[in-house]
Amino acid sequence: MLFCRVSAVSQTLVRWGRRSHRGGGLLRGAVSFSSSRCHGSAQPTETDSAQGLYRDTVLLPRTDFPMKLSGQKLLDRELEIQKECGFADLYSWQRERKAKREFCLHDGPPYANGDAHVGHALNKILKDIRNRFEMLRGRQVHFIPGWDCHGLPIELKALGELGTSGLSPLQIRQKAREFAEGAIARQKAAFQRWGVIADWDHCYYTYDAAYEAAQLNVFQEMHSKGLIYQDYKPVFWSPSSRTALAEAELEYNPDHVSRAIYATFPLTTLPPKMASEKGLEGVSVLVWTTQPWTIPANQAVCYMPSSQYSVVKRADNSQLLLVATDRAASIAALLGTELQSVGTFTGSQLEGGLCKHPTIPDKEVPLLPANHVTMAKGTGLVHTAPAHGMDDYSVASQFKLSVECTVDEDGKFNELAGPELHSLSVMTEGTDKVISMLKECGALVKEEQCVHSYPYDWRTKQPVVIRPSKQWFINTASLKDKAKEALQKVRVLPESARSSLLAMLDKRTYWCISRQRSWGVPIPVFYHRETGEALINKHTVSHIAELFKEKGCDCWWELPVEALLPPEVLKKSNAGPVTDYIRGEDVLDIWFDSGASWAAVLGEPDPRADVYVEGKDQLGGWFQSSLLTSVAVRNKAPYKSLVVHGFAVSEHGEKMSKSLGNVVDPDTVINGGKDPSMPAYGADVLRWWVAESNVFSEVQIGPTALNSARDSISKLRNTLKFLLGNLQGFDPRAQAVDPKQMHYIDQYMLHLLREFSIKVTDAYSEFDASRVIRILQAFISRDLSSFYFSIIKDRLYCDSEDSLGRRSCQTALEEILDGVTRSIAPVLPHVAEEVYLYAPGHDKGETLFKSGWIKSSSVWRRPGLEEAVEGACAIRDSFLSSIPGKNAAQYDLTIAIEPGLLFELMESLQEEPTSTSSQLAELMMAARVNLTSELPRDLPPDTLLSHGTFLINLEGGVIREDSAYSLAVVPTSAARCPRCRRYTAESADCLCPRCQTVVSQA
């Protein structure tokens, strides 16, 4: 019989008390004892509680790491971490270290026209997560943040209500530069507050002299290959901005309302086939357009050669109309009358017909074939104004039609439109007047309101028009095939974005790169004063590029033409005297500015990034402009991979808008707002929101998402606090246990940690931080909190401090803490570095981001280990299922397994037939475990019996065995130990054997 008089261990308890002042929550409900022998007559008393006696002998978790931070304390702590852990110096440190491989993420330049918004947060944090991951695993990260600094939005905001009137180009440029510099400073400060690491001291700006010079070198290369040319043809023109626009500078308003009309063009010369038919005199071609203002510029009516057309007679007025056969029924319904077919022809049989222009007397226009004609809407016959449509212009080029512009830069009819229309705005009163003119001549058949998608200027939010203008273009049609070939070698995430990229590439037959503004990089061209002929070649452009590199492109306006065109350049160009030339006034499209960033930023010898990461709006923007310029110059893409993310939207899925009041400001997210519903969340909550979102679709943000992120981080901190608390005083460098000597359950956790690290690494490599979060949360909730932590608490708290079992457990916990902390570090750098400050095993001053990625070892995967623990867990599940809702610690468990693999595996966890302290007993969390080959016959009447099987799969399936087991569960006869609270004591006033040994030897 064990001797366990409390008075005999009183001196030991005093020694424990001096050594370790720990919390007493674990034993708060324990009973108290008098100082009598275990089997004496003394009864428990309320004054001298067991809690008081044994509290200081239990090794409860202890750490100063706070489970929760909020308000100003949270904000101050994040800033302290950034300073203490050297966030500002981290990028330069990793650039200076030796690395076998570089990882280059080229930053797409945000626009320098306002404060940082939540879209910036989504983009920059997503990039930073990947950069931090690559840095942790030892790669040298190349990430130079940049800003797109030119363009109309900056010019407009900088000048405000002043406008450009009375200001010289240099004055406009100075104000625009100052505005851009202010926006850049604010955005840069926000990005740094979010924890984004980068070369903040050496960012790139598209207004930098060196950048502008590199851009001109790309321009010169493309011009010398004949890819850049000047031409007079229709372009998207913004009357509100008074400049040409590229497709990427348009926004399409799906709710635009146009005054659509049906109008007639009387046939004055019938096509030969139609003329041979009787009764078809007086036929009129019926056309439909949503832009009536373009009717005065009509030069032809187009048909589809392969389609069928009918001459139909209106039942209400006998008018003969020529329409596509497929459209006749719809037109009859629209007009509210029957249409009787009196003749049918193929489209090709309409060749040779001439029509009378409805608003211009004595003018005739031909019927011409065109493949862009569709039968989806309208009449199947297309009014063609080459000056005001891209397809129309193609027809004009083929048939040598006039491309005369009747619209000026303000979007008003010019003198060529005639006195009735001159100076009227084409989109408003000009449209009214044209419709009135059509009514007067009897050509208007029907007018209707048409709601459709229409291009708007993305800056001014006003509708654009198409008008011809002399502009500079890139011949993208000749680059398409090469660009598509280059894209085949590029990985696109998600893959579905590739088709959108290709479709947008197909839509672009040419790219208008000239803009009629002052704030931009000037097109380095000179024009002859008399002939207007352009002077531009490799000699002129190279000289200008050198000047820009030295002085910046302000010199285009500052220097006299003689300095821009020196004698040696004129001589090489075979040009006349400098007095014959004037400098051009156009600047380059900002998409060309940013599209040349690969040449200006990535450097030699192979300026190609591992990845570009931007929103889906860049499929037709920066992704495309970068691809086209790179393919043009060096016949390959500037990126190996593309990552295309969605937009940030409100938590209801709406586009953010000030008018709707649903804009989420990232500064308010971090620092809190005036509204109590928006507390200070800190930067890591913002980063967690990015990480856990499916960034490949629209990303919702609002109080619900942010509160969820905050709660998830709180749960994570709770786990980290448990780990840190149980590692207090443990030094892995001196006290870690060799993996082969560790308890099987601890070894098994290292095996799970290794699998966890592999999955996390793969997910980060795929830009899938949301999968990282899911893997992390599953590992914490399923493998740690619900399983491992519940099993090991007794060993951690109640075994002797230096016991092999406890040190084994701490060895596993330290590896788990290290692995979990490193796995979250790319997402939560502030939390990770804070944990690292408290974590054991490294020198003071060392930071996590300078110490590498998760360190998992192949030694952690041992043959048979997984099967032993998982076999025991299967038995444990059967055991717990047999006592639903009951405390497993109050039962004795007998496990009967026939001799075989499963029995041998269980024997590795418990060598003796019966035990209260074996690894198997710990896993079962039972009072006692008996391991036998068959159940005893004399089981008590209240025994609970159950059976199960476990499939053993060893050596990759070479060894497979389906093993059966039986369980007998009976309430234990043992008493609860007043110290560890396990049912392993001889009586209620007696310590269990393990606790007596620990207490007496301390």
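A residue counts as buried when its relative accessible area is under 20%, as exposed when that value is over 50%, and as partly exposed in between. Keep that handy for the exercises below, and remember that this is a predicted model.

**Exercise 1: Cysteines and a threonine**

Task: Work out whether C149 is buried or exposed, and how many disulfides the structure holds.

Solution. Start with the accessibility of C149. Its relative accessible area is 0%, which is under the 20% cut-off, so C149 is buried.

Next, look for disulfides. The structure has zero of them. C149 has C203 as its nearest cysteine by sulfur position, and that sulfur is 10 Å away. A disulfide would need the two sulfur atoms within 2.5 Å, so C149 is in none.

Try C355 in the same way. Its nearest cysteine sulfur belongs to C302, at 11 Å, and C355 is in no disulfide either. With 0% relative accessibility, C355 is buried.

Now go back to C149 and ask what reaches its backbone nitrogen. The side chain of T206 does, at 2.8 Å. You'll find T206 in the loop that runs between strand 4 (204-205) and helix 8 (209-224). T206 is buried too, because its relative accessibility is 0%. Leaving aside residues up to four places away in sequence, T206 touches W147, D148, C149, H150, Y211, E212 and D593.

**Exercise 2: Reading a sheet**

Task: Find which strands stand at the edges of the five-stranded open sheet, and say why one side of each has no neighbour there.

Solution. First, write down the strand order: 2-1-25-26-18, with parallel pairing. Then read off the two ends. These are strand 2 (140-142) and strand 18 (491-493); each has a single partner strand, so one side of each is left without a neighbour in the sheet. From one strand to the next, the twist averages 20°.

Finally, zoom in on one pairing. Strand 1 (residues 102-106) and strand 25 (residues 609-615) run parallel and are joined by two bridges. If you want a residue pair to click on, take H106, whose bridge partner in strand 25 is Y612.

**Exercise 3: Three salt bridges**

Task: Take the pairs R515 with E249, K484 with D506 and R733 with D843, and decide for each residue where it falls between buried and exposed.

Solution. A bit of background helps: side chains of opposite charge can pair when their charged atoms come close. This structure holds 44 salt bridges.

Step one is R515 and E249. Their closest N and O atoms are 2.4 Å apart. R515 belongs to strand 20 (residues 514-515), while E249 sits in the loop between strand 6 (243-245) and strand 7 (250-269), so to speak a link between distant parts of the chain, 266 residues apart. R515 is buried, because its relative accessibility is 4%. E249 is buried as well, at 0%.

Step two is K484 and D506, where the closest N and O atoms are 2.7 Å apart. Here the link is from helix 13 (residues 480-487), home of K484, to helix 14 (residues 497-507), home of D506, and the two residues are 22 apart in the chain. K484 has a relative accessible area of 26%, which makes it partly exposed. D506, at 38%, is partly exposed too.

Step three is R733 and D843, with closest N and O atoms 3.0 Å apart. R733 is in helix 25 (residues 732-735), and D843 is in the loop between helix 29 (829-838) and helix 30 (865-882), 110 residues apart. R733 is exposed at 54%, whereas D843 is partly exposed at 49%.

One extra: salt bridges with shared partners tie R77, E80, R717 and E834 into one network.

**Exercise 4: Two faces of a strand**

Task: Sort the side chains of strand 31 (residues 928-932) by the face they point to, then find which strands pair with strand 31.

Solution. Start from the general pattern: in a regular strand the side chains alternate between the two faces of the sheet. Strand 31 shows this alternation: V929 and L931 point to one face and are buried, while R928, N930 and T932 point to the other and are not buried.

Now the partners. Strand 29 (residues 891-897) pairs with strand 31 in the parallel sense, over five bridges. In that pairing A896 stands opposite T932. Strand 30 (residues 914-915) pairs with strand 31 in the antiparallel sense, over two bridges. There, S915 is opposite V929.

Conventions. Residues are numbered from 1 along each chain as its sequence is written. This is a predicted model: local features need pLDDT of at least 70, side-chain atom pairs count only at pLDDT 80 or more; totals for chains, interfaces and linings use all residues. Side-chain values use heavy atoms; hydrogens and water are left out. Two strands pair if DSSP finds at least two bridges between them. Helices (H or I, at least four residues) and strands (E, at least two) are DSSP runs, numbered from the N terminus. Axes are lines fitted to C-alpha atoms, for helices over the stretch in contact, and angles run from 0 to 180 degrees between N-to-C directions. Buried means under 20% relative accessible area, exposed over 50%, partly exposed in between (1.4 Å probe, protein chains only). A polar contact is a pair of N or O atoms within 3.5 Å; within protein, one must be able to donate a hydrogen and the other to accept it, and residues adjacent in sequence count only if both atoms are side-chain atoms. Contact means heavy atoms within 4.5 Å. A salt bridge is a side-chain nitrogen of Lys or Arg within 4 Å of a carboxyl oxygen of Asp or Glu.
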